[in-house]
Amino acid sequence: MRQVSSSVRTAKTPIGGIEYTLERKKVKNINLRVRRDGTVYVSAPARVPVREIESFIVSKCSYIKQAQEHFRSRTESAAEERRFAQGASVMYLGSPLELCIVQSAAESVTLEGDRLIISLRDSSDLSRGERLYAKWLDGRCREVFTDLMREIYPFFKAMGVPFPQLKIRVMKARWGSCHYTKGMIVLNRYLIEAPRHCIAHVVAHEFCHFIYPNHSRDFYSLLDRVCPQWRSAKTELEKLVVL
Ligand SMILES: [Zn+2]
């Protein structure tokens with residue numbers, strides 16, 4: 001997903017101000033999208049005046065509010081599902097793991113079948129447990145994501161792309177991004193909740209941006225070649241993991 005220069009504005013509507021990001025593009029019509037983090041994105045041709053764009057937003061204002069509310073409640077329930085607690089079920093590579101917090105002289109995090117054993121000197125210190133768990137998750141992300149990058153790399157090596165640097169971050173609205181000028185791919189930590197093939201399509205997508213830093217027809221035909229099943233993987237990922 002490419003970084004673009006755009007302006008943030010607020011449209012006056014009967015149900016209050018709606019903040020939106022406006023991008024001028026070579027498109028035929030005004031396009032409006034509510035992102036998973038609730039932000040509103042509008043693309044419009046250069047010739048369309050702002051007042052026309054804003055009256056379009058007014059006509060869509062109840063849809064926008066509903067979509068924002070929908071994403072907000074999904075995000076809240078996802079945060080509740082990810083809550084760190086004894087016996088909680090968390091998703092890992094597409095399967096649920098049970099969090100088991102135990103008292104032990106030595107602190108560790110160990111995966112045993114479908115149980116994740118978090119050994120703490122003080123088993124009531126949940127914030128300590130949560131930190132160890134997050135560190136474990138980061139390590140697992142680095143290993144799994146790097147493996148997937150190595151699997152796909154030969155294709156891009158042949159096209160002259162240097163092996164990229166990997167950054168892992170928690171992001172609210174995207175699965176990943178490609179900083180093609182810096183030779184870096186950023187992947188969302190929550191991807192580790194999804195099955196491997198779902199993560200693979202995001203890795204493939206970001207790699208393709210080293211060749212095409214946009215979402216052009218050429219970009220998608222390359223993605224089709226590198227990862228033919230990307231459409232179904234994307235649908236599955238969006239169903240399984242909520243940001
Ligand atoms: Zn993209």
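In this predicted model, strands β1 (residues 7–13) and β2 (residues 16–24) run antiparallel to each other and are paired over seven bridges. The link from β1 to β2 is a hairpin of two residues. Within this pairing, lysine 12 sits opposite glycine 17 in β2. β2 also pairs with strand β4 (residues 40–44), this time in the parallel sense and over five bridges. Here glutamate 23 has serine 43 in β4 as its bridge partner.

Stepping back to the whole chain, the protein has six helices and 11 strands. Its C-alpha atoms fill a box of roughly 70 × 50 × 30 Å along the principal axes. Of the 243 residues, 41% are buried. Looking at contacts with a separation of 6 or more, 47% are between residues 24 or more positions apart.

Next comes an open sheet of four strands, arranged β5-β6-β8-β7 with mixed pairing. The edge positions go to β5 (89–92) and β7 (108–112); each has a single partner strand, so one side of each has no neighbour in the sheet. On average, and with direction ignored, neighbouring strands here are turned by 30° against each other. In the middle of that order, β6 (residues 95–103) and β8 (residues 115–120) pair in the parallel sense, with six bridges between them. Cysteine 100 faces isoleucine 117 of β8 across this pairing. Helix α3 (residues 126–157) packs on the sheet and touches β5, β6, β7 and β8, with its direction at about 130° to that of β8.

Another open sheet is built from three strands in the order β9-β11-β10, and its pairing is mixed as well. β9 (165–169) and β10 (176–179) take the edges, and since each has a single partner strand, one side of each is left without a neighbour in the sheet. The average turn between neighbouring strands of this sheet is 20°, direction ignored. β10 and β11 (residues 184–188) run antiparallel and are joined by four bridges. One of the matched positions puts glycine 176 with leucine 187 in β11 as its bridge partner. Helix α3 turns up here too: it lies across β9 and β11, running at about 140° to β9. Helix α4 also packs on this sheet, where it touches β10 and β11 and points at about 150° to the direction of β11. So α3 has a place on the four-stranded sheet as well as across β9 and β11.

Helix α4 covers residues 196–208 and includes histidine 205. Is histidine 205 buried or exposed? Its relative accessibility is 11%, and because the cut-off for buried is under 20%, histidine 205 counts as buried. Its side chain has polar contacts with two other histidine side chains: one of 3.2 Å to histidine 209, and one to histidine 215, also listed at 3.2 Å.

The aromatic side chains give plenty to look at, with nine aromatic pairs in the structure. In one of them, phenylalanine 207 and phenylalanine 210 meet edge-to-face, with 6.0 Å from centre to centre and 65° between the planes. Both phenylalanine 207 and phenylalanine 210 are buried. For tyrosine 220 and tryptophan 230, the ring centres are 5.5 Å apart and the planes are at 25°, so this pair is stacked. This pair links distant parts of the chain, with tyrosine 220 in helix α5 (residues 217–226) and tryptophan 230 in helix α6 (residues 230–240), 10 residues apart. The two partners do not share a burial class: tyrosine 220 is partly exposed, with a relative accessible area of 27%, whereas tryptophan 230 counts as buried at 9% relative accessibility.

Phe207 and Phe210 also belong to one aromatic cluster, together with Tyr153, Phe155, Phe156 and Phe163. Elsewhere, a charged side chain meets a ring: arginine 82 lies over the face of tyrosine 190, at 3.7 Å from the ring centre.

How values were computed: Residues numbered from 1 in each chain as written. Predicted model: local features only at pLDDT ≥ 70, side-chain atom pairs only at ≥ 80, totals over all residues. Heavy atoms only, no water. Phe/Tyr/Trp six-rings, centres within 6.5 Å; stacked < 30°, edge-to-face > 60°. Buried < 20%, exposed > 50% of the residue type's maximum accessible area, 1.4 Å probe, protein only. Lys NZ or Arg CZ within 6 Å of the ring centre and 35° of its normal. Pairing = 2+ DSSP bridges. Axes fitted to C-alpha atoms, helices over the stretch in contact; angles between N-to-C directions. Contact = heavy atoms within 4.5 Å. Polar contact = N/O pair within 3.5 Å; in protein donor to acceptor, adjacent residues only side chain to side chain.
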